[in-house]
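Here's a quick briefing to read with the model open in your viewer. Let's start with how far to trust it, then walk through the fold, the contacts and a few residues worth a click.

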Amino acid sequence: MSPIQRITLRLLGVALFLVAWEIIGRSLGDALMAPPSAVAQDLVTLAGDAEAQMTIWQSIAPALVGFAISCIIGMPLGAAMGRSPAWNALVHPWVSTFVVTSVAAIVPILILMLGTGWWFVVVVVVLSSVWYVTLTTYQGAQRIEQRWLNVGRSFGASRLQAFRTIMLPALFPYLLAGARIGLVHAIRSMVLAQLFIMTGIGGLLQQAGMDVSTTRLLALLVVIMLIALLASHGLGRLAHWLAPWHAASGLMERT
Amino acid sequence: MTAVLPALSIVFGLLLWELIGLSTPPVVFAPASAAFSFLVQQTINGALPIAIAQSLMTLAAGYLLAAAVALPLGFLMGRVAWVHELLQPVLTAIYAIPPVAFIPFVIIWFGLFTQSRLAIIVLMCFFEMLVITMTGARSIDRRLLDVARSFQAPRRRVWSAVFVPASLPFLFTALRIGFVRAVAGTITAELLLSPANLGKLLLDSAARFNTAGILGIIATVAIIGLIGQRALRWLERRVLRWERA
């Protein structure tokens with residue numbers, strides 16, 4: 001397939017989706033499914049609404065802090081698990097238990113323990129994303145071959161040098177993949193936590209759910225989508241800036 | 001030594017939970033033994049088994065519904081180039097939206113009860129399974145198909161000898177991850193819509209500051225997820241004998 005055909009098909013897909021949505025929206029009415037033309041207008045209104053924007057920015061902050069904490073805990077933990085069988089045997093059972101435990105189930109007790117403040121959202125985000133960062137880093141660390149480390153040792157590399165010049169570059173794609181997956185879960189759990197306590201974006205969603213019209217609700221979904229896409233794109237850019245040589249290998253695109 | 005360590009770690013973790021629970025006031029955190037006796041008591045009076053059974057039935061219905069559409073569609077998108085190009089951008093956009101954000105919308109469309117619970121479970125696991133299947137189907141080794149073609153294998157033989165064996169691994173992965181998401185979807189729906197089954201037990205405990213109850217239900221949810229995942233892994237290993245080598 002030529003690139004022009006490819007782009008045509010993609011644009012056609014988006015156009016068909018929007019047309020179908022517009023037709024369905026007009027026939028069902030605003031109460032059930034607002035058409036994209038109305039949603040676009042509301043997005044413009046939303047862009048001019050300083051208060052709503054403030055709420056949205058403020059609710060992203062705890063997600064980013066939680067995501068950063070997840071990386072700071074998960075990456076070393078995963079690397080330790082991948083390099084040391086004893087660590088792995090000790091930690092793996094708990095990580096694989098928590099990764100399948102839906103964070104929604106933990107929310108009620110967290111509300112009792114932490115209240116419904118800023119840190120509550122941070123903890124929910126950490127508890128949902130840290131396991132994915134850990135497990136992905138673990139897979140990468142497991143694949144580092146002993147031979148590579150042996151070469152370092154034969155050339156007299158210190159432990160720190162071996163870590164910096166062998167382990168870290170080999171781990172990099174996995175750290176990035178882990179961060180990507182962790183970020184997806186961080187944003188998901190941010191919305192979940194805020195839906196429970198009705199603040200931030202979750203609060204806006206709940207409010208919009210009470211409206212007679214679904215216009216605002218769909219506009220908010222588009223905003224959340226843009227935030228998620230932008231965050232993931234930003235992470236990709238950051239990775240490219242940190243380690244440009246990996247971008248060329250194409251590994252990043254697939255993970 | 002590494003064989004007994006996991007068991008040791010679990011015992012140690014439970015002991016730690018017990019100790020933290022004993023040293024904090026019961027409204028904040030309860031010990032493992034209290035959570036366990038809550039579960040035993042709820043099993044004897046019948047509430048827990050009924051709640052689990054009903055939760056699992058909703059879960060199974062939503063999960064199977066999602067899988068029935070996601071796996072064939074994913075396969076189609078993975079194997080037919082123009083379908084992939086046509087649907088990919090829209091799919092990527094919708095997939096970026098956290099499924100829970102659709103909850104207010106789902107309530108408008110389906111109300112607060114069984115239907116909307118099913119809708120949330122489907123939303124939570126559908127896209128995950130679709131994307132994994134699509135990626136897997138795209139990466140089926142071209143060379144395998146070429147070999148089959150050069151030996152002039154008939155269509156049916158290509159399916160049974162190449163497509164099916166090459167697809168089973170990622171189909172199993174999709175089913176496994178989809179299941180974990182479906183469990184999350186079930187409990188989310190039972191908490192955020194009208195409380196029901198396990199979600200209701202959890203919220204009732206929370207309303208009475210009964211942390212033993214809360215922790216007991218969390219453990220139950222974790223165990224359901226673990227058992228489901230282990231069962232699918234076991235099935236995968238039985239079916240995919242050749243993968244082990």
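What is the mean pLDDT of chain B, and what share of its residues reach 70 or more? The mean is 90, and 98% of the residues in chain B get to 70 or more. Keep in mind that this is a predicted model, with an ipTM of 0.89 and a pTM of 0.90.

**Confidence along chain B**

- Within chain B, confidence bottoms out in helix α7 (residues 142-150), where the mean is 81.
- At the other end of the scale sits helix α3 (residues 47-79) of chain B, which has the highest confidence at 95.
- As a rule of thumb, predicted coordinates shouldn't be read in detail where pLDDT is low.
- Is α7(B) buried or in the open? It lies largely in the open, because 0 of its 9 residues are buried.
- Just after α7(B) comes Q152(B), with a positive phi near 55°.

**Fold of chain A**

- Chain A is built from 12 helices and 0 strands, so to speak an α-α-α-α-α-α-α-α-α-α-α-α pattern when you read along the sequence.- The C-alpha trace of chain A spans about 70 × 60 × 30 Å along its principal axes.
- Of the 255 residues in chain A, 40% are buried.
- Take the contacts in chain A with a separation of 6 or more: 74% of them join residues 24 or more positions apart.

**Two domains in chain A**

- Chain A splits into domain 1 (1-33) and domain 2 (34-254).
- The C-alpha centres of domain 1 and domain 2 of chain A are 30 Å apart.
- Where the two domains of chain A touch, 9 residues of domain 1 are in contact with 9 residues of domain 2.
- The domain 1 side of that contact has 5 nonpolar, 1 polar and 3 charged residues.

**Where chain A meets chain B**

- How many residues does each chain bring to the contact? Chain A brings 43 residues and chain B brings 48 residues.
- On the chain A side, the elements that give two or more residues are α1 (3-28), α4 (85-100), α5 (103-114), α8 (159-197), α9 (200-210) and α10 (215-242) of chain A.
- The top contributor on that side is α4(A), which gives 9 residues.
- Sorted by class, the side of chain A that touches chain B holds 32 nonpolar, 8 polar and 3 charged residues.

**The largest nonpolar core**

- This core has 134 residues, and the members that touch the most others are V124(A), I224(A), I121(B) and M129(B).
- Helix α8(A) supplies the largest share of this core, with 16 residues.
- If you want to see what surrounds M129(B), look for its contacts with A66(B), A67(B), A70(B), L71(B), G74(B), A174(B) and G178(B), leaving aside neighbours within four places in sequence.

**V121(A) and A80(A)**

- V121(A) is part of helix α6 (residues 118-142) of chain A.
- Why does V121(A) count as buried? It has 29 C-beta neighbours inside 10 Å, and the cut-off for buried is 20 or more.
- Not counting residues up to four places away in sequence, V121(A) touches P62(A), M190(A), A193(A) and Q194(A).
- From V121(A) to I227(A) there are 106 residues in sequence and 17 Å in space, C-alpha to C-alpha.
- A80(A) belongs to helix α3 (residues 50-83) of chain A.
- With 18 C-beta neighbours inside 10 Å, A80(A) counts as partly exposed.
- A80(A) and A105(A) are 25 residues apart in sequence, and their C-alpha atoms are 29 Å apart in space.

**Positive phi values to check**

- Some background first: most residues other than glycine have a negative phi.
- M198(A) is not a glycine, yet its phi is positive, near 55°.
- You'll find M198(A) in the loop between α8 and α9 of chain A.
- M198(A) is partly exposed, because it has 13 other C-beta atoms within 10 Å.
- N197(B) is not a glycine either, and its phi is positive at about 45°.
- N197(B) lies in helix α9 (residues 197-207) of chain B.
- Is N197(B) buried or exposed? N197(B) is buried, since 23 other C-beta atoms lie within 10 Å.

Note on methods: Residues are numbered from 1 along each chain as its sequence is written. Chains are lettered from A and ligands numbered from 1 in the order in which they are written. This is a predicted model: local features need pLDDT of at least 70, side-chain atom pairs count only at pLDDT 80 or more; totals for chains, interfaces and linings use all residues. Two residues are in contact if their C-beta atoms, placed from the backbone, lie within 7 Å. Helices (H or I, at least four residues) and strands (E, at least two) are DSSP runs, numbered from the N terminus. Ala, Val, Leu, Ile, Met, Phe, Trp, Tyr, Cys and Pro count as nonpolar, Asp, Glu, Lys and Arg as charged, and the others, Gly among them, as polar. Domain bounds come from an automatic or database domain assignment. A nonpolar core is a set of buried Ala, Val, Leu, Ile, Met, Phe, Trp, Tyr and Cys residues joined through C-beta atoms within 7 Å. A residue is buried if 20 or more other C-beta atoms lie within 10 Å of its own, exposed if 12 or fewer, and partly exposed in between; C-beta atoms are placed from the backbone. pLDDT is the predictor's confidence in each residue, from 0 to 100.
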